[in-house]
Amino acid sequence: MSNHLPNEARVIPLRPHGARPSGAPPRQAPPAPAKEPLWRDLVGDVLRRERLAQERTLKDVADEARISMPYLSEVERGRKEASSEVLAAAAHALGLGLGDLLTRAQGELTRVTSRYTAGSRRGVTTPSRDGMCLAA
């Protein structure tokens, strides 16, 4: 009698795992899906651009806003999620209101994300027919 069960399948690889046929181009990873920016990155970019446009130093703005220079640097780089009080203080030190800062960040968000949604129509939902239906 055989040691194999009658319905057991054996898999025999045709080529070693990971090997490509000769002459085949190297596999490239599919492009990563575009990620929407974080709010803290957008707000930080607006703060930094405004500070640089005014030709002011990080220390000058931090001192006027009464926040630490390292913390303001982290906020500008999008590393810290600053409170509304800190954002208002930094904005006021730059001659902006909190509303001005947030409006500019919202404009930046709209500009940046418009490239992600350029192909889609806002507010219109269409059924997806890209999938495969299997029925038993």
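Let's start with one residue: Met 69 touches Leu 58, Lys 59 and Ala 62, leaving aside residues up to four places away in sequence. Met 69 sits in helix H3. Its C-alpha lies 6.3 Å from that of Leu 58, although the two are eleven residues apart in sequence. Met 69 has a relative accessible area of 39%, so this side chain is partly exposed. Keep in mind that what you're looking at is a predicted model.

Now zoom out to the whole fold. The protein chain has five helices and zero strands, so reading along the sequence gives you α-α-α-α-α. Of its 136 residues, 24% count as buried. If you take the contacts with a separation of 6 or more, 62% of them are between residues 24 or more positions apart.

What holds the middle together? Here a bit of background helps: in soluble globular proteins, nonpolar side chains tend to be buried together. In this model the largest nonpolar core has 21 residues, and those with the most contacts inside it are Val 43, Leu 47, Leu 72, Leu 87 and Leu 101. At least two core residues come from each of helix H1 (39-53), helix H2 (58-65), helix H3 (69-76), helix H4 (84-93) and helix H5 (98-114). H4 gives the largest share, five residues.

Leu 47 is a good place to put your cursor. Not counting residues up to four places away in sequence, Leu 47 touches Val 75, Glu 76, Leu 87, Ala 90, Ala 91, Leu 94 and Leu 101.

From there, take a walk along H1. This helix has 15 residues and reaches 21 Å from its first C-alpha to its last, close to the 21 Å expected at 1.5 Å a residue. The buried residues in H1 are Leu 42, Val 43, Gly 44, Val 46, Leu 47, Glu 50 and Arg 51. Those buried residues pack against H2, H3, H4 and H5. After H1 comes Glu 55, whose phi is positive, near 55°.

Next, look at how H1 meets H3. Two packed helices are described by the angle between their axes and the distance between the axes. For H1 and H3, the axes come within 7 Å and cross at roughly 115°. On the H1 side the contact involves Arg 40, Gly 44, Asp 45, Leu 47, Arg 48 and Arg 51, and on the H3 side Ser 73, Val 75 and Glu 76. Sorted by type, the residues of this contact are two nonpolar, two polar and five charged.

Which residues are linked in a network of salt bridges? They are Arg 48, Arg 51 and Glu 76. Arg 51, in helix H1, deserves a second look. Its relative accessible area is 9%, under the 20% cut-off, so Arg 51 counts as buried. Besides Glu 76, Arg 51 touches Arg 56, Thr 57, Leu 58, Val 61 and Leu 94, again not counting residues up to four places away in sequence. Leu 58 is a familiar name here, being also one of the residues that Met 69 touches.

The charged pairs don't stop there, since the structure holds ten salt bridges. One of them joins Glu 81 and Arg 40, with the closest N and O atoms 3.6 Å apart. Glu 81 lies in the loop between H3 and H4 and Arg 40 in helix H1, so this pair ties together parts that are 41 residues apart in sequence. Glu 81 counts as exposed at 54% relative accessibility, while Arg 40 is partly exposed at 29%.

Another salt bridge is made by the side chains of Glu 108 and Arg 49, at 3.7 Å from N to O. With Glu 108 in helix H5 and Arg 49 in helix H1, the pair ties together parts that are 59 residues apart in sequence. Glu 108 is buried, with a relative accessible area of 13%, whereas Arg 49 is partly exposed at 44%.

Finally, Glu 74 forms a salt bridge with Arg 77, where the closest N and O atoms are 3.2 Å apart. Glu 74 is partly exposed at 24% relative accessibility, and Arg 77 is partly exposed at 36%.

Methods. Residues are numbered from 1 along each chain as its sequence is written. This is a predicted model: local features need pLDDT of at least 70, side-chain atom pairs count only at pLDDT 80 or more; totals for chains, interfaces and linings use all residues. Side-chain values use heavy atoms; hydrogens and water are left out. A nonpolar core is a set of buried Ala, Val, Leu, Ile, Met, Phe, Trp, Tyr and Cys residues joined through side-chain atoms within 4.5 Å. Buried means under 20% relative accessible area, exposed over 50%, partly exposed in between (1.4 Å probe, protein chains only). Helices (H or I, at least four residues) and strands (E, at least two) are DSSP runs, numbered from the N terminus. Contact means heavy atoms within 4.5 Å. The expected span of a helix is 1.5 Å times one less than its number of residues. A salt bridge is a side-chain nitrogen of Lys or Arg within 4 Å of a carboxyl oxygen of Asp or Glu. Axes are lines fitted to C-alpha atoms, for helices over the stretch in contact, and angles run from 0 to 180 degrees between N-to-C directions. Ala, Val, Leu, Ile, Met, Phe, Trp, Tyr, Cys and Pro count as nonpolar, Asp, Glu, Lys and Arg as charged, and the others, Gly among them, as polar.
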